[in-house]
Amino acid sequence: LDPCTGGPDSLSDQPHGRRRSRHDGFQYAGIKNSTITSLGDNVGGIRGYSNYMHDYCYVYNTKVTGRNNVGGILGYHAGSAVYVRRCMSDADVLATGDQAGGLVGKLNNLNTDVNDNRIYIYDNILAGSKIESRGDNAGAISGSTQKYPFQAHFYTNYLHAYVKNDT
């Protein structure tokens with residue numbers, strides 16, 4: 001997994017870190033060879049708190065540590081339009097409290113209509129990561145999901161990780 005030389009959709013020719021607009025997520029953002037450490041909550045490789053979409057992001061050779069809601073790409077995602085797509089991560093993730101996720105530490109769906117199908121997590125690669133929660137909830141995609149919709153879309157994600165929950 002080398003985000004500089006490509007993957008299923010190469011990131012090497014993209015303008016890294018471009019924001020799509022003032023209110024939504026990141027596109028083509030990346031970080032590598034780093035350590036991100038916080039004593040607080042909502043810690044992510046790309047973003048700690050998010051409420052919209054992220055695509056073509058990568059976190060490479062990075063360790064992400066925080067208390068609660070710690071993720072390889074996003075720490076805490078709360079919104080009605082949830083997209084995490086075409087991202088790559090091999091980050092090691094440690095939550096000293098609760099909710100450690102390979103892609104998203106905690107996913108909170110704010111949709112009020114069960115027919116609103118805007119939860120999409122697809123075409124992501126999680127390779128060789130160690131995901132650990134010293135409290136509750138650890139997972140390869142998300143450490144925790146609240147208000148899970150009836151028709152969420154999680155597909156074509158490649159997940160290869162060691163996941164450990166200490167409780």
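# Notebook: strand pairing, aromatic pairs and salt bridges

**Entry 1. Parallel strands.** I began with K63, whose bridge partner in β12 is D92. The model I am reading is a predicted one. I then looked up the strands around this bridge. Strand β7 covers residues 58-66 and strand β12 residues 92-95; the two run parallel and are joined by four bridges. On the next pairing, I found β12 parallel to strand β16, residues 125-133, with three bridges between them. Within this second pairing I noted A95, which stands opposite S133 in β16. As background to this entry, I recall that strands of a sheet pair through backbone hydrogen bonds, in either the parallel or the antiparallel sense.

**Entry 2. The open sheet.** In which order do the four strands of the open sheet lie? I read the order as β4-β8-β13-β17, and the pairing is parallel. I next checked the edges. β4 (43-44) and β17 (138-139) each have a single partner strand, so one side of each is left without a neighbour in the sheet. For the pairing that involves β17, I looked up strand β13, residues 100-101: β13 and β17 pair in the parallel sense over two bridges. I recorded one of the residue pairs by name: the bridge partner of G101 in β17 is G139.

**Entry 3. Q99.** I moved to the loop between β12 and β13, where Q99 lies. Is Q99 buried or exposed? Its relative accessible area is 10%, so I entered Q99 as buried. I then looked for polar partners of its side chain. One is the side chain of N69, at 3.3 Å. Another is the side chain of N137, with a polar contact of 2.7 Å. Leaving aside residues up to four places away in sequence, I listed the residues that Q99 touches: N68, N69, V70, G105, K106, S133, D136, N137, G143 and S144. I noted that S133, which is on this list, is also the residue opposite A95.

**Entry 4. Aromatic pairs.** How many aromatic pairs does a search of the whole structure find? I recorded five. I took Y83 and Y120 as one example: their ring centres are 5.1 Å apart and their planes stand at 15°, so I classed the pair as stacked. Y83 belongs to strand β10 (residues 82-85) and Y120 to strand β15 (residues 119-122), so the pair ties together parts that are 37 residues apart in sequence. Y120 also pairs with Y122, here edge-to-face, with 6.4 Å from centre to centre and 80° between the planes. For burial, I looked up two of these tyrosines. Y83 has 17% relative accessibility and counts as buried; Y122 is buried as well, with a relative accessible area of 9%. I closed the entry with the cluster: Y83, Y120, Y122 and Y155 form one aromatic cluster.

**Entry 5. Salt bridges.** I found six salt bridges in the structure. The side chains of R67 and D41 meet in one of them, at 2.8 Å from N to O. R67 sits in the loop between β7 and β8 (70-71), and D41 in the loop between β3 (30-37) and β4, so this pair ties together parts that are 26 residues apart in sequence. I entered both partners as partly exposed: R67 has 39% relative accessibility, and D41 has a relative accessible area of 31%.

I then turned to R86, which forms a salt bridge with D55; their closest N and O atoms are 3.8 Å apart. This pair links distant parts of the chain, with R86 in the loop between β10 and β11 (88-89) and D55 in strand β6 (residues 53-55), 31 residues apart. The two partners fall into separate classes of accessibility. R86 is partly exposed at 22%, whereas D55 is buried, with a relative accessible area of 2%.

Next I looked up K164 and D166, whose side chains meet in a salt bridge of 3.6 Å, N to O. K164, at 32% relative accessibility, counts as partly exposed, and D166 is partly exposed with a relative accessible area of 39%. Last, I asked which residues are joined into one network by salt bridges that share partners. I recorded D55, R85 and R86.

Notes:
Residues numbered from 1 in each chain as written. Predicted model: local features only at pLDDT ≥ 70, side-chain atom pairs only at ≥ 80, totals over all residues. Heavy atoms only, no water. Phe/Tyr/Trp six-rings, centres within 6.5 Å; stacked < 30°, edge-to-face > 60°. Buried < 20%, exposed > 50% of the residue type's maximum accessible area, 1.4 Å probe, protein only. Pairing = 2+ DSSP bridges. Salt bridge = Lys/Arg side-chain N within 4 Å of Asp/Glu carboxyl O. Polar contact = N/O pair within 3.5 Å; in protein donor to acceptor, adjacent residues only side chain to side chain. Contact = heavy atoms within 4.5 Å.
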